[in-house]
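Work through these short exercises with the sequence and the 3D view side by side. Try each task before reading its solution.

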Amino acid sequence: MTTPAFSILPLSGAMLTNLEQLGYAPMTPIQAPSLPTMLAGRDIIPQAATGSGKTAAFVLPILQRMAGSRGGRTRALILTPTRELASQIHEHIEAFARHTPVKAATVFGGVKPGKQEQALRAGVDIVVATPGRLLDLMNQGVVKLNHIEMLVLDEADHMFDMGFLPDIRRILAALPPRRQNLLFAATMPVEIRRLADDLLTDPHVIELADSAPAATIDHALYLVAERRKHALLEHVLTQDDCDSAIVFTRTKHRARRLAQQLSKGGHRAVGLQGNMSQAQRDRAMRGFRSR
């Protein structure tokens, strides 16, 4: 079933133009039911997986509220579990906010805080942050969250898995009680449901009836002995329909070792893991995007 176009929403002309130029049409199945509710100011829990269009689903309502006026105060906070996701969300904000006065800053660890502190002191409307670095800057008095009107917890289930729940609760205690809350998660474990109960007021819950993967995605499971895994991976990677690939491993050491093995085998491979500096991680992702 075709979902509606963004033009039916009460978005500014600048944002509608940006969406059209970026090729965002029509809305995705998670955006169509979520956006009108969020634009109306209601708390919401959409269960949405990565790749469903959820970033646009929460960025657009934030920008619509911010675009009306700019007072140099931080009015929206987006919490996310990883540096890469924070950077990706910031890129979406910049793309959607072209021709508007809205400013955003990213806050995450793994890099020196100087540039982040400078951006915050200059005044931004939106902060996209990982919990640990945000708490550090809050404790130093660099960031003020007493004017937050909209809070987004993106991939809340992953933040719980990574042990961020205590940090999140400390951050929430610093926010004004009257605000709009948007909680996105692919799954709803008991701990996240409890957080939602404490955080949200009469939330609109959206669970898509059809949670099957997109028609363009094939899933396959291979049962193979440990000693044959590398040979099978090499076989998969050399198929004609495998133009590029992301391979997930259980440990940082295994990711680094596998990248070295694949490189020796003639593949252009790079490892990406938590012990790398942010510059190394960014360089790895740029390399992947540019093949």
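Helices here are DSSP runs of H or I with at least four residues, numbered from the N terminus. The model is predicted.

**Exercise 1.** Locate threonine 37 and decide: is threonine 37 buried or exposed?

*Solution.*
Step 1. Find helix α2, residues 31-39; threonine 37 sits there.
Step 2. Recall the cut-off: buried means under 20% relative accessible area.
Step 3. Threonine 37 has 14% relative accessibility, so threonine 37 counts as buried.
Step 4. Now list its contacts, skipping neighbours within four places in sequence: Arg42, Ile44, Gln180 and His204.

**Exercise 2.** Place phenylalanine 288 and classify its accessibility.

*Solution.*
Step 1. Phenylalanine 288 belongs to helix α12, residues 278-289.
Step 2. Partly exposed lies between under 20% and over 50%.
Step 3. The relative accessibility of phenylalanine 288 is 31%, so the residue counts as partly exposed.
Step 4. Look at the surface: Phe288 joins Ile246 and Phe248 in a nonpolar patch of about 360 Å².

**Exercise 3.** Describe the largest nonpolar core. Which element gives the largest share of this core?

*Solution.*
Step 1. Start with the general trend: in soluble globular proteins, nonpolar side chains tend to be buried together.
Step 2. The largest nonpolar core has 36 residues, and Phe58, Leu60, Leu63, Ile78 and Ile126 touch the most other members.
Step 3. Elements giving two or more residues to this core include α1 (13-22), α3 (54-67) and β2 (76-79).
Step 4. The largest share, eight residues, is from α3.
Step 5. Zoom in on leucine 60. Beyond neighbours within four places in sequence, leucine 60 contacts Phe6, Leu11, Met15, Leu19, Leu35 and Phe96.
Step 6. A second, separate core has 35 residues, among them Ala105, Met138, Ile168 and Leu195.

Notes: Residues numbered from 1 in each chain as written. Predicted model: local features only at pLDDT ≥ 70, side-chain atom pairs only at ≥ 80, totals over all residues. Heavy atoms only, no water. Buried < 20%, exposed > 50% of the residue type's maximum accessible area, 1.4 Å probe, protein only. Contact = heavy atoms within 4.5 Å. Patch = residues over 30% accessible without salt bridge, like charges linked within 9 Å, V, L, I, M, F, W, Y side chains within 5 Å. Areas by Shrake-Rupley, 256 points an atom, 1.4 Å probe, with all protein chains shown as cover. Salt bridge = Lys/Arg side-chain N within 4 Å of Asp/Glu carboxyl O. Core = buried A, V, L, I, M, F, W, Y, C linked by side-chain atoms within 4.5 Å.
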